[in-house]
Amino acid sequence: MDLRHTHTLDTGTDPETSPESATYFLHWLNRPGVKVVWENGKLRLGVKPGALTTDEVAILLQHKQEVGGWLLLHTLWEAGYSLRLQPSEYGPGYVMIPTGTPARPVGNFPALFELYDTFHDSAVALLLDACRLLKIDPVDWLKTAERFVRETALRRGECPRPERPARG
């Protein structure tokens, strides 16, 4: 790992920028050269030289549950599932339910189920944190997320815009 470009971490008291906040560090997992995988019942973090600092790697390694929740969410989304939050029947809290048919092959379904079983609660906590930041009711997560996807696709020109009637 290249340590010539280390960064000082903001360890302020703001919950959104403290190292304990998942919103503070999970975006590092999206960097080129960073990969998280679930294999043989273990969460593995792969980092190419220069992709993360040693401080960033240390923080990620201290937050296995959040990293696993992030991986579960991204694995389900990449397969093409939509994710619904529903109040738990067994007490306070929510349950995350993948909906729809995967658009891409899931691959090793038993491994995905094990990932789901291991990190479900962490993934739910991340979605609830997103709902809190967006100021939406968790039961509205699915329709809000689908709206964001549609709007983003429209802005990027990935979806055809509705045609306007010709002026005559």
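**Exercise 1. Contacts across the sequence**

Among contacts in the protein between residues at least 6 apart in sequence, what percentage join residues at least 24 apart?

*Solution.* The structure is a predicted model. Contacts between residues at least 6 apart in sequence are taken as the starting set, and 57% of them join residues at least 24 apart.

**Exercise 2. Confidence**

State how the predictor's confidence is distributed, on average and over residues 1-19.

*Solution.* Step one: the average pLDDT of the protein is 81. Step two: a score of at least 70 is reached by 80% of the residues. Step three: over residues 1-19, pLDDT stays under 50. For this segment the model has 37 contacts beyond four places in sequence.

**Exercise 3. Order of elements**

Determine which helices and strands the protein contains and how they follow one another.

*Solution.* The count comes to five helices and four strands. Along the sequence, they are arranged as α-β-β-α-α-β-β-α-α.

**Exercise 4. The hairpin of strands 3 and 4**

Describe how strand 3 and strand 4 are joined and paired.

*Solution.* Strand 3 covers residues 82-87, and strand 4 covers residues 94-99. Their pairing is antiparallel and involves six bridges. Within it, Leu-85 lies opposite Met-96 of strand 4. The two strands form a hairpin, with six residues between them. In the turn, Gly-91 has a positive phi of about 140 degrees.

**Exercise 5. Surface and burial**

Report how much of the protein is buried and what its exposed surface consists of.

*Solution.* Taking residues under 20% relative accessible area as buried, 31% of the 168 residues qualify. The protein exposes about 11100 Å², of which carbon and sulfur atoms supply 54%.

Key: Residues are numbered from 1 along each chain as its sequence is written. This is a predicted model: local features need pLDDT of at least 70, side-chain atom pairs count only at pLDDT 80 or more; totals for chains, interfaces and linings use all residues. Side-chain values use heavy atoms; hydrogens and water are left out. Buried means under 20% relative accessible area, exposed over 50%, partly exposed in between (1.4 Å probe, protein chains only). Contact means heavy atoms within 4.5 Å. Accessible areas come from the Shrake-Rupley method with a 1.4 Å probe; for residues, only the protein chains shown count as cover. Two strands pair if DSSP finds at least two bridges between them. pLDDT is the predictor's confidence in each residue, from 0 to 100.
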